[in-house]
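Below are some notes on one buried position and on the aromatic pairs, set out as numbered points for you to follow alongside the coordinates.

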Amino acid sequence: MSQFYFDFSKINNPFDVTNGKDTVTIRSTKHVVEVCVCDNCKAIMAQRKAEEAKKKETWTYNLILQHSVYRHTASAATASIKPQTIGAPYQKQSPKTKGTGSSDGSRHFGPMFNKELGQHILINPLVSQGIVDKANLKQTDTVLEVGPGTGNLTVKILEQAKKVVACEADARLAAELTKRVQGGPFQHKLEILHGDVMKRDLPYFDVCISNTPYQISSPLTFKLIFHRPLFRCAVLMFQREFALRLIARPGDSLYGRLAVNCQLYSKVTHVMKVGKNNFKPPPNVESSVVKIEPLNPPPPVDFEEWDGLVRIAFSRKHKTLAANFKNTAILQMLDENYRTFCASNDLMVEDGFQIKDKVLSILDQLGYSDSRASKMDIHDFLKLLSAFHDANIHFC
């Protein structure tokens, strides 16, 4: 043990120092040093202790529980808030004491939602009930729900349907939904399919209800339309612009290939508008709900042929059909298809045959040479497709 004067301003961590009455003891792994202190040294040490204590006033802890992340920050504004007891119901905080969280609401004492998977949870119970009401569910219905999330819409469906088959790609949310209905009266009515709905065969269902992840809106729509056996209806939440493109009519600015292809096989109606504030986290766009009712029986049309014709017509939808069909690449494709069809069916190709003259003559005969796709309805395209097939011209 030794005694000497010591410059305390050189001590990096004053909390390793123990105060005595007239001395200060510094302990390290190798030495124990007793230091004589003066008033100046004590003042320096007290100042350092105050600074270190101030840094420790704000603290943060992360708790990972059942794949969910919770965060609580204690500061001058939130010092009176006690951490939530695990398993206790969430208690809403007043505006003055609200904890700091993500501004988009993706983390708020609950699961973290993955925007890349289109996870925008519908939180307005009135909107959820309105969607279920528009589906006109029966007690004998089996309902397919795509993207159930935390189950806000699912529990509304379970109250009215015989069975719900929920397809969820996120294992965390599937676990949350399972826990939500576990031990309740609806547990036996819910079946959860974990995985990407676009990579699996759809089960049998009478009605489909979905708060659809926006990035699979188009492929999911056509997967449902071509599903067999036919279902009664589908009530789907889409991005507002996509929904308007689905219901567009000839002459509308958004009328295009999507509307023509969808309306060929189904009746599409707009149900309601849904604002972005009805979701958590809120998306960057407004939403709409549409109802799709497949035509029964479906029209006997080869969709590949139909889509080939419609694709050409809408390649420049404000141009005339004659101008679109004069495109060199399109004429070459039609010529190859014509010759292949003739060879497969033992038909002779006339000497000096020109596919361009053949196509333009068909358009002239039907009076569609100066027609524009943006103004044509489904019956016009059906009539045009039939005429091309009668002339052995195919589109795929």
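1. To begin with a single ring in this predicted model: Phe381 has a relative accessibility of 0%, and it therefore counts as buried, the cut-off being under 20%. Its partner in an aromatic pair is Phe314, which at 13% relative accessibility also falls under that cut-off and so counts as buried.

2. The pair formed by Phe314 and Phe381 is tilted, with 5.7 Å centre to centre and 35° between the planes. Phe314 sits in the loop between H8 and helix H9 (321-325), whereas Phe381 belongs to helix H12 (residues 378-390), and the pair thus links distant parts of the chain, 67 residues apart.

3. The structure holds 13 aromatic pairs, and another of them joins Tyr265 and Phe303, again tilted, at 6.0 Å centre to centre with 55° between the planes. Because Tyr265 lies in helix H7 (residues 257-265) and Phe303 in helix H8 (residues 303-313), this pair ties together parts that are 38 residues apart in sequence. Tyr265 and Phe303 are both buried, and together with Phe222 and Phe226 they form one aromatic cluster.

4. Is Leu220, a residue of helix H5 (residues 217-225), buried or exposed? Its relative accessibility is 0%, so Leu220 counts as buried. Leaving aside neighbours within four places in sequence, Leu220 is in contact with Val146, Val197, Met198, Ser210 and Thr212. For one of these, Val197, the separation from Leu220 is 23 residues in sequence and 8.2 Å in space, taken C-alpha to C-alpha.

Conventions: Residues numbered from 1 in each chain as written. Predicted model: local features only at pLDDT ≥ 70, side-chain atom pairs only at ≥ 80, totals over all residues. Heavy atoms only, no water. Buried < 20%, exposed > 50% of the residue type's maximum accessible area, 1.4 Å probe, protein only. Contact = heavy atoms within 4.5 Å. Phe/Tyr/Trp six-rings, centres within 6.5 Å; stacked < 30°, edge-to-face > 60°. Helix = DSSP H or I, 4+ residues; strand = E, 2+ residues; numbered from the N terminus.
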